[in-house]
Structures are given as structure tokens and as C-alpha cells.
Amino acid sequence: MATGPAGATGRARGGGRARGLAAVTAATALALTASGCVTVHGELEVVPTATKAEAAEALAAFTDAYNKADKAFDPALDAGRVTGALGAINQAGLKSRSITTPGGNPAHRPLQLTDARYVIPKKAGWPRWFVADTDSNRDTDRGTDDDRWVLVFVRNGPEQLWEVAYLQILSAGGVPVFKTDADGWAEPVEPDSAALAVAPKNLSEEYTSYLQTGRPDHFAAGPHTTVWRQERAKVAKRPGLATQYVDQPLDTGDYAPLGLMTRDGGALVFFSTRFYDRQVAAQGYRPKVSPEVRALMTGEVRSTLTKEWVSSQAALVKPAGTQSGQVTVVGRLQGVTSATGS
């Protein structure tokens, strides 16, 4: 069974397992000189977002930063290497562990990411991004427990480092075959693409609506949709402790959705959400607070505990015209980023 980085919990694939992480990497600016002027390579023309050598350097820098931060439980050591949903989850998790275990991680085991398969799209302008599909040393390399760590690296300008915005841990057979051109470059999905049953820009808002109401109904049944709603309903009915969930879209800046076309005409899309769970205890009782949550908490729990979570999802979106099961959420990574007691 695979284990994820400190600070994140959630279902990473069909059966569901807790995982999390910290990360990113360095990359150099690509520039060319013409007639005495310097222009950033690819700002206007469609070019690969990175070379494979740059992608490999980014992955190595990410892994190095993650290991240093995980060993010391120090969020500062990888703060410049993560962003977006992964950054929020990772930094909060490391902050919490730095308080609960100030001497560092006694169980630190260096993360190794090997057998990297880089999926690099061609596009113009910024942000640049690519996917690294890797094998980690946190699982068995065979059978149903074999997983792939799929990381989405993002860079917003020529002077910035590559940062990891999304991480999903998928089954070895769960990573789709991507559409590529004759040179092996992938095809990105536009946020408002009409080629898909659901445009990527709408996924965050529609997923939060689905979790609250069960609508829209184009999300396929599974652990991150129907089962997740059922589990929430059970928690809400526990005697002596009322729990309410509030879901919000999170889809701008480094939380924006990113997707790649797959060979079957659909796409694999990464997107973010935020949700709160508010626990209110009956008179004479108090909600239980774990040490990890208490480290992130403001206020004092007398009868109410509100936790803020950031969640990232990976979804397979079918081509436009598909009538049912248009979106299958194949992975979810979530973590508490703050808490309030009252």
C-alpha cells in the first residue's frame, strides 16, 4: 500500500487512501536574441512548454525540496517549490507537524520518484506547465497496490521556478493514454473547450454544486462522488454532534484547472475546490480535536469546531455529445489548511 506525504488526507483513487505532499523545482528561462532584442521563447508561438531535460531537472528539484522539508517538518524548505492546491495542503501539513513534532520527522524515509514519463504540451504564452507520471518508493511495484504519482508542474514566467500545483496518486493502470503529435508533444485543453462534455473552467463550480445537492448529474458514481456524499450524510447524523459541509469553487490563479487531451477524445483534468466542515456538539459535549488540527487552530473549542479544507481532484472528462457518466473523478487529495474553535 502506498503512503503519501505529511499533511494531506483523502481518497487518491478508487478504494481511497490518505495522501499528501510538498514539492517543486527549478527551471531556467528560455530566451532567444533577435536584432538586439530579447524575447521569451514561446510567448507568441506555439512551442513545447519545457524540454524533457528541463522537466527532469524540475522533478529532481521537487524531490530534493520535499525530502528536506519532510525530514525537518519545516514548511520554509519547500515553500518555493509548491503552489496552488498542493501548496496549500503541503504547507499547512508541515506547519502542523512542526508544532506537534518540533524535533523533525523521526520516521522520515527519503522519497524516490523514478520511471518518470513526461507529458509535455505545446502551447503559447504563460503559464507553462507539464505532467510528470512517476513511480514512487512508497508502494509495491506490482498488483493492485502499485501506484503512480502524477504531478503537475507550473511556471508563470521566465524568472520563476517550476512549482507543483497538483498531485494525484493513481493506480498504475489508471493513468490514461494521452493524445500526442508526431513529435510526442501533448495537446492541452482550453478552459472553455467545447470539445468536452464539460468545460474544465466549470468543473470546480459544478463539483461543489454536486456535493451539496447531487446536481448536475453528469458525475459518474464512485468513491469521490456518490460514496463521498453518502459518507457525509452518515457523519451529519451522528448523535450528539451535528456536522455541516459548505463547498466552494476554487478555480483562479494557480488553482485554475489544467487538462490534457486523451487519445479517446476526452481529457484528464486537474481542478481544485475548498470546503468547510462545521461540527456543533450537543450541550455538555465538545468536538474532539486532533493534535494536528489543534496546531492550525485559532480560538477555543467550547461547542463548535470549523475546519477549512483544500481539495484537488483529477477527472476523466468524456468528449462532447456523451450522454451519461460524462465526468469520472478518479482521484482526490485533500487536507486541512486552518481551523477555528468557538
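Leaving aside its neighbours within four places in sequence, which residues is Gln313 in contact with? In this predicted model, Gln313 is in contact with Gln168, Tyr207, Val269, Phe270, Phe271, Ser272, Thr273, Val329, Gly331 and Arg332 once those neighbours are set aside. The protein that surrounds Gln313 has five helices and 15 strands, and buried residues make up 51% of its 342 residues.

**Overall make-up**

- Among the contacts in the protein with a separation of 6 or more, 69% are between residues 24 or more positions apart.
- The protein exposes about 15100 Å², and carbon and sulfur atoms supply 51% of that area.

**The setting of Gln313**

- Gln313 has its place in strand E14, which covers residues 304–317, and its relative accessible area of 0% is under the 20% cut-off, so Gln313 counts as buried.
- The side chain of Gln313 is joined to the side chain of Ser311 by a polar contact of 2.4 Å.
- Phe270, one of the residues in contact with Gln313, is also in contact with Val131, Val150, Val152, Tyr166, Gln168, Ala256, Pro257, Leu258 and Ala314, leaving aside neighbours within four places in sequence.

**Nonpolar cores**

- In soluble globular proteins, nonpolar side chains tend to be buried together.
- The largest nonpolar core in this model has 44 residues, and those with the most contacts inside it are Phe130, Val131, Leu151, Val152, Phe153 and Phe270.
- Strand E9 gives the most to this core, with seven residues.
- A second, separate core has 24 residues, including Ala92, Leu203, Tyr210 and Ala267.

**Helix H2 and its packing**

- Helix H2 (residues 84–100) has 17 residues and reaches 25 Å from its first C-alpha to its last, which is close to the 24 Å expected at 1.5 Å a residue.
- The buried residues of H2 are Gly84, Ala85, Leu86, Gly87, Ile89, Asn90, Ala92, Gly93, Leu94 and Ser96, and Ala92 is also included in the second core of 24 residues.
- These buried residues of H2 pack against two helices, H1 (52–72) and H5 (291–294), and against strands E9 (162–171), E12 (267–281), E14 and E15 (327–341).

**Salt bridges**

- Side chains of opposite charge can pair when their charged atoms come close.
- The structure holds nine salt bridges, and a network of salt bridges links Asp115, Arg117, Asp133 and Arg148.
- Within this network, the side chains of Arg148 and Asp115 meet in a salt bridge with an N to O distance of 2.9 Å; Arg148 lies in strand E8 (residues 147–155) and Asp115 in strand E5, so the pair ties together parts that are 33 residues apart in sequence.
- Arg148 counts as buried at 4% relative accessibility, whereas Asp115 counts as partly exposed at 44%.
- Arg117 forms a salt bridge with Asp133, with the closest N and O atoms 3.9 Å apart, and the pair links distant parts of the chain, since Arg117 is in strand E5 and Asp133 in strand E7, 16 residues apart.
- Arg117 is partly exposed, with a relative accessible area of 44%, whereas Asp133 counts as buried at 6% relative accessibility.
- Glu308 forms a salt bridge with Arg274, the closest N and O atoms being 2.9 Å apart; Glu308 lies in strand E14 and Arg274 in strand E12, so this pair ties together parts that are 34 residues apart in sequence.
- Glu308 is buried, with a relative accessible area of 17%.

**Backbone features**

- Most residues other than glycine have a negative phi, and most peptide bonds are trans.
- Phe73 has a positive phi of about 50° although it is not a glycine; Phe73 lies in the loop between H1 and H2 and counts as buried at 5% relative accessibility.
- Asp115, a residue other than glycine, has a positive phi near 50°; Asp115 is found in strand E5 (residues 113–119).
- A cis peptide bond, with omega about 0°, joins Trp126 and Pro127, and Pro127 is found in the loop between strand E6 (122–123) and strand E7 (128–136).
- A cis peptide bond with omega about 0° also joins Arg215 and Pro216, and Pro216 has its place in the loop between helix H3 (200–213) and helix H4 (226–236).

Terms used:
Residues numbered from 1 in each chain as written. Predicted model: local features only at pLDDT ≥ 70, side-chain atom pairs only at ≥ 80, totals over all residues. Heavy atoms only, no water. Helix = DSSP H or I, 4+ residues; strand = E, 2+ residues; numbered from the N terminus. Buried < 20%, exposed > 50% of the residue type's maximum accessible area, 1.4 Å probe, protein only. Polar contact = N/O pair within 3.5 Å; in protein donor to acceptor, adjacent residues only side chain to side chain. Contact = heavy atoms within 4.5 Å. Areas by Shrake-Rupley, 256 points an atom, 1.4 Å probe, with all protein chains shown as cover. Expected span 1.5 Å × (residues − 1). Core = buried A, V, L, I, M, F, W, Y, C linked by side-chain atoms within 4.5 Å. Salt bridge = Lys/Arg side-chain N within 4 Å of Asp/Glu carboxyl O.
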